[in-house]
Amino acid sequence: MKGTRSKRTGVLLGVAAAMLVLLVTACAGGDEQGEAADGVITVNWGSEPPSLDPGLATDTTSSNILNNIMDPLLKLEGENLEPTPGLAESWEVNGTTVTFRLRQDGKWTNGDPVTAQDFEWSWKRTISPDLAADYAYQFFGIVGAADYNSCKQNCDAMADEVGVTAVDDSTLRVELTSQQPWFVQQVAHTSFLPVHRPTVEQFGEKWTEAANIVTNGPFQLDTWQHNSRIDLVKWPEWRNAQDVALERVNGRMISEGTTAVQAFEAGEVDETGALGGLPPEELPRLKGLPEYEQTPSLATYYYGVNTKNVPDVNQRRAMSLAIDRRSIIDNIAQADQLPATGFTPSGMPGFDTITPNSEYLPETADVERAKELMSQVQDPVTDITLVINDAPGHREIAVAVQDMWRELGIDVEIQQQEWAQFLESLGPPPAASTDVYRNGWVGDYVDAMNFLELWTCDSGNNNTNHCNEEYDALVDEARQTPENGERYELYGQMEELFFGPEGDMPLIPIYFYTNVSLQRESIKGTFDQNLLDQIDLTKVVEGDAGEEDV
Amino acid sequence: MTGFILRRLLWTIPVILLVILFTFVLMRQIEGNPFRRSERSVPESIQQNLERKYGLDRPWYVQYAKVVKGVFTFDLGPSLVLRNRDVNDIVRTHFPPSLELGALAMTFALVFGIPLGMLSALKANTIFDYSAMFISNVGFAVPSFLVSTLLIYFFALQWGEWTGLPTSGWDSWESKVLPTIALGLGPMAYFARLTRGTMLETLQQDYIRTARAKGLRWRRVVVVHTLRNSLIPVVTAAGPILGFLITGSFIVEQIFAIPGIGAYYVTAVTARDYSVVMGLTVLLALVVIIANLVVDILYGVLDPRTRDARA
């Protein structure tokens, strides 16, 4: 008996020794490195896409992958993100009717042609209450869509009423509830991509797995190891495959910014993923690298004011004047963001007409003027609760603002909340204890309407308790104004109502976002991220390292 | 022994029922809407469609009954957030890496911690003892995210050409080395200190003196009489620590981009993904229950008196 026990101990020690040897050798060998060449790159997607079903995807990671494995009706290209033909070779807008003409050579990876019927079925599927799609509201500008989405009975009949019709195999007609000048741009959103009906019907919710999915874009989904990697391969039969240089795009999912930078420096990835950003504490060092890349983003970082709690407009103006945007950007955010000059971000078509260049949104703080305005306030609110969410960076900015507002005699209590709780407290209406809240808005489509319609009286995104009927009237008018120049004028008037000399200041915009990442020099010239944070992999060409813009 | 194990397994059922109840109540108590993921508001009709689809429009007792049934039939249904995946699929895909990482880290901790503690005790108050205990103090005190970052910086980046270790991932055995060390270092230090302490105490015992007096070889005295009796506190600690290593490796998983269950757990709580939170909580409760059961069985092996006491 005793003998067997000591034998067992011997075995244990043996295993221990073996483990030790294993660990030591682990530290010694291995040379699995090597620069990818010949059309193979490794990107960092940043995180697991919550869904690769175009009807269900809502986030940027999903849309970045979807845009490269699917073929949109049209793409947004150039500086102003002009709609350019994709699967639709042309389109025509006639009042509230939009007609798309599809190319004849679009096909699915299983060989089926892509038809207008595919679009009709896919769009109605996304609108249907059964799918319960978050982004069904993207379609609410189409006749009958909102009704169908909220139907309780006779749903099939209501589906037939939705204004999306495949006139024939290559003609798709859409009836809108009103003239929506931005609808054509909006169609570039992933929600409007078609899905392959037989595949969806066969596999149900598992149709997006790599083994099942049928796509129709330049790349195919080769591997999807959840939360680990998504690899794409070029689909040689895509209609324009001859123009696609990349053969393969391997994709990791590294959410930690520091790890992504380390993986880049170790040569494991060719870009760090623009969405996760770079760790601010490393930015001063990384900015000096030739691989550093910075692109503007269609997004605004702002503080919203609960105007019920801070009713005096002069106090809101003073609070905005006291904020030193330049200092926040240079010392905290550090990614060369642009100081906000209004709510509509820089890069938006018509920006120069729209932005109010408000005197209340100075680049560097105007404390004198702020104090002067503050002294005119009848009942100044000197105890302010500022609510922020717990993502990195917000606290540092809040602390800086706390310091800046102290000069106005305002005592700020910062309340940091976890995301879901934070969203609940925003409302609308905002929690009574919230005086000021942090938020950001990232554009879905390229028209200032996407930003400015947030602030109508009954908007589900207006968390300020502020309501100005004149503003609402302007939004309505802009919705009916198809001519861009005229509409931009109206947008400019809305911005004036908020930030002009007599503006209401329910918001205190701080900066317009940028995206920063590291990109291997061989792809840096062509690995472009557009204003909606999307990357078109069909345009990426590998050059020789060090030689940009091949 | 079989009776003991059976009884313990039966006790698991009420424990799990309590776990379900607490999780259900707590998750519904904290604010938050599983269907609002971004700053964008969710239109009323869409919110209703989602609630109907996932049964959140039903009374709470119906939802609760559905959850209990789901747990006991091993089918907790779809994730509310990852729209194409269900809880079973998440557990099947992501529990194995966490289990593997936990087991590797535990092995690392035991294999290095116990001998380190033993040697320290045998060479108590020598320079070896002091340096071993200094190392283990540092290993215990430094948080795993710092250890992880430092390991990546030195072993994957600075000396990466020589070591061949990647910075992150979980698809080759090389990629598993650094996370194992990062996660196992703390428990290793703990085991070393624990072993050293109890071993020093055991060495003072009369029976050790007897063993030595009757002329047993020193090696035998140490391995059979001292170590064996010193291991009981280590085994006691090992159960919960194993549970912790399997379930609590979130930070290490995140830093090394390991597709484990930790990331899902944390994001599911943040996103109020009720079904995933429930599934993972029950799973992790089971892990802890099993780890503790194994500890109790090991007690019996190490110290027959405890076995007799509960027979």
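How many bridges join strand 1 of chain A to strand 10 of chain A, and in which direction, parallel or antiparallel, do these strands run? In the predicted model described here, strand 1 of chain A is connected to strand 10, which covers residues 248-252, by 5 bridges, and the two strands are parallel. Within this pair, Asn44(A) is placed opposite Arg252(A) of strand 10. The pair belongs to an open sheet of 4 strands in chain A, in which the strands follow the order 1-10-9-8 and the pairing is mixed. Strand 1 (40-44) and strand 8 (219-225) form the edges of this sheet; each has a single partner strand, and therefore one side of each lacks a neighbour in the sheet. From one strand to the next, the twist averages 20°.

Elsewhere in chain A, Asn463(A) was examined in its loop setting. This residue is located between helix 16 (449-452) and helix 17 (469-479) of chain A. Asn463(A) is classed as buried because its relative accessibility is 2%, below the cut-off of 20%. A polar atom of the Asn463(A) side chain lies 3.1 Å from the backbone oxygen of Leu426(A). Leu426(A) is also one of the residues touched by Asn463(A) when those up to four places away in sequence are not counted; the others are Gly427(A), Pro428(A), Pro430(A), Tyr437(A), Asn439(A) and Trp455(A). With respect to Val436(A), which is 27 residues away along the chain, the separation of the C-alpha atoms is 9.9 Å.

Chain B contains 14 helices and 0 strands, and its succession of elements from the N terminus is accordingly written with α at each position. The C-alpha trace of chain B extends over about 85 × 55 × 30 Å along its principal axes. Chain B comprises 311 residues, of which 51% count as buried. Where contacts in chain B link residues at least 6 apart in sequence, 74% of them are between residues at least 24 apart.

Two helices of chain B were considered as a packed pair. Helix 4 (87-122) and helix 5 (residues 127-141) of chain B are packed with an interaxial angle of about 145° and an axial separation of 8 Å. The crossing of helix 4 past helix 5 in chain B is left-handed. On the side of helix 4, the contact involves Leu116(B), Leu119(B) and Ser120(B), while helix 5 supplies Phe128(B), Asp129(B), Ala132(B) and Met133(B). By residue class, this contact consists of 5 nonpolar residues, 1 polar residue and 1 charged residue.

The loop that joins helix 3 (60-72) to helix 4 of chain B holds Ser79(B). Ser79(B) is counted as buried because its relative accessibility is 0%. Two polar contacts of its side chain can be described. One is with the side chain of Asp273(B), at 2.6 Å; in the other, the side chain of Ser79(B) reaches the backbone nitrogen of Leu82(B) at 2.8 Å. Asp273(B) also appears among the residues in contact with Ser79(B) once neighbours within four places in sequence are set aside, together with Ser275(B) and Val276(B). The remaining members of this set are Tyr54(B), Arg85(B), Asp86(B), Val87(B) and Ile90(B).

Notes:
Residues are numbered from 1 along each chain as its sequence is written. Chains are lettered from A and ligands numbered from 1 in the order in which they are written. This is a predicted model: local features need pLDDT of at least 70, side-chain atom pairs count only at pLDDT 80 or more; totals for chains, interfaces and linings use all residues. Side-chain values use heavy atoms; hydrogens and water are left out. Two strands pair if DSSP finds at least two bridges between them. Axes are lines fitted to C-alpha atoms, for helices over the stretch in contact, and angles run from 0 to 180 degrees between N-to-C directions. Buried means under 20% relative accessible area, exposed over 50%, partly exposed in between (1.4 Å probe, protein chains only). A polar contact is a pair of N or O atoms within 3.5 Å; within protein, one must be able to donate a hydrogen and the other to accept it, and residues adjacent in sequence count only if both atoms are side-chain atoms. Contact means heavy atoms within 4.5 Å. A crossing is left-handed if the near helix is turned anticlockwise from the far one by less than a right angle, and right-handed if clockwise. Ala, Val, Leu, Ile, Met, Phe, Trp, Tyr, Cys and Pro count as nonpolar, Asp, Glu, Lys and Arg as charged, and the others, Gly among them, as polar.
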